[in-house]
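Here are my notes on the model you sent, set out as numbered points so that each can be checked against the coordinates. Please keep the structure open while reading.

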Amino acid sequence: MCGKSIDADIIFTTNCYGNPTLIVNGNRFNREYEKNLKSRWRCVKRNSGCKAFVVTFDRNVVHITDHNHTSVINKNLVETWRCIKRNSGCKATAKTHFGVLINLNNLHNH
């Protein structure tokens, strides 16, 4: 597979069952299959009729299709976690949505 990587906000993580999960621009995908370095990911709203999928090659998004719904991440339910050294000026933060890491700012100064 060749081609240029697509510019998107992507996070590779796992769900609460330990299965691989991909978050692209606020939408969650479950890995459908993986062969060599190529993976195909299906939208978590697949059972609701969404046909969106993502193809990654060596952890780079190389193909993505459109959703038929809005983002599955409700910004009101996002928790922000701050480094315990925050009072010493550390800017590191992590954001989770129902226990799934959706953003990591790993800017520790210590």
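**Notes on the two sheets and selected residues**

1. Strand β8, which covers residues 93-97, pairs with β9 in the antiparallel sense, and 5 bridges join the two. This is a predicted model, and the points below should be read with that in mind. Within the pair, Thr96 has Leu101 of β9 as its bridge partner, and Thr93 stands opposite Asn105 in β9. The hairpin made by β8 and β9 has 2 residues between the strands, and in this hairpin Phe98 takes a positive phi near 55°.

2. These strands belong to an open sheet of 3 strands, ordered β7-β8-β9, with antiparallel pairing. Because β7 (78-82) and β9 (100-105) each have a single partner strand, they stand at the edges, and one side of each is left without a neighbour in the sheet. Neighbouring strands here are turned against each other by 20° on average, with direction ignored.

3. The other sheet to examine is an open one of 6 strands, which follow the order β1-β2-β3-β4-β5-β6 and pair in the antiparallel sense. Its edge strands are β1 and β6, each of which pairs on one side only. From one strand to the next, the twist averages 35°. As general background, strands of a sheet pair through backbone hydrogen bonds, in either a parallel or an antiparallel arrangement.

4. At one edge of the 6-stranded sheet, β1 pairs with strand β2 (residues 20-24) in the antiparallel sense over 5 bridges, and Thr14 stands opposite Pro20 in β2. The two strands form a hairpin with 5 residues between them, and Gly18, in the turn, has a positive phi of about 85°.

5. Which side chains of β1 are buried, and which are not? In a regular strand the side chains alternate between the two faces of the sheet. Strand β1 (residues 10-14) shows this alternation, since Ile11 and Thr13 point to one face and are buried, whereas Ile10, Phe12 and Thr14 point to the other face and are not buried.

6. Asp9 lies in the segment before β1 and is partly exposed, with a relative accessible area of 48%. Leaving aside neighbours within four places in sequence, Asp9 is in contact with Ile23, Val24 and Asn25. The C-alpha atom of Asp9 is separated by 9.3 Å from that of Asn103, although the two residues are 94 residues apart along the chain.

7. Further into the 6-stranded order, β3 and β4 pair in the antiparallel sense over 6 bridges, and Arg31 stands opposite Trp41 in β4. The loop between β3 (27-35) and β4 contains Asn36, which is a residue other than glycine with a positive phi, near 55°. Asn36 has a relative accessible area of 70% and is therefore exposed, the cut-off being over 50%.

8. A comparable check is worth making at Arg59, which is found in the loop between β5 (53-57) and β6 (60-64). Arg59 is not a glycine, yet has a positive phi of about 65°. With 53% relative accessibility, Arg59 counts as exposed, because exposure is assigned over 50%.

9. Is Arg42, in strand β4 (residues 38-43), buried or exposed? Arg42 counts as buried, because its relative accessibility of 15% falls under the 20% cut-off. Not counting residues up to four places away in sequence, Arg42 touches Arg28, Phe29, Asn30, Glu32, Cys50, Lys51, Ala52 and Phe53.

10. The largest nonpolar core has 9 residues, namely Leu22, Val24, Phe29, Trp41, Cys43, Cys50, Ala52, Val54 and Val61. Strands β2 and β4 each supply at least two residues of this core. Cys43, one of the core residues, touches Arg28, Phe29, Cys50, Ala52, His67 and His69, when residues up to four places away in sequence are not counted. Trp41, which also belongs to this core, is the residue in β4 that Arg31 stands opposite.

Key: Residues are numbered from 1 along each chain as its sequence is written. This is a predicted model: local features need pLDDT of at least 70, side-chain atom pairs count only at pLDDT 80 or more; totals for chains, interfaces and linings use all residues. Side-chain values use heavy atoms; hydrogens and water are left out. Two strands pair if DSSP finds at least two bridges between them. Helices (H or I, at least four residues) and strands (E, at least two) are DSSP runs, numbered from the N terminus. Axes are lines fitted to C-alpha atoms, for helices over the stretch in contact, and angles run from 0 to 180 degrees between N-to-C directions. Buried means under 20% relative accessible area, exposed over 50%, partly exposed in between (1.4 Å probe, protein chains only). Contact means heavy atoms within 4.5 Å. A nonpolar core is a set of buried Ala, Val, Leu, Ile, Met, Phe, Trp, Tyr and Cys residues joined through side-chain atoms within 4.5 Å.
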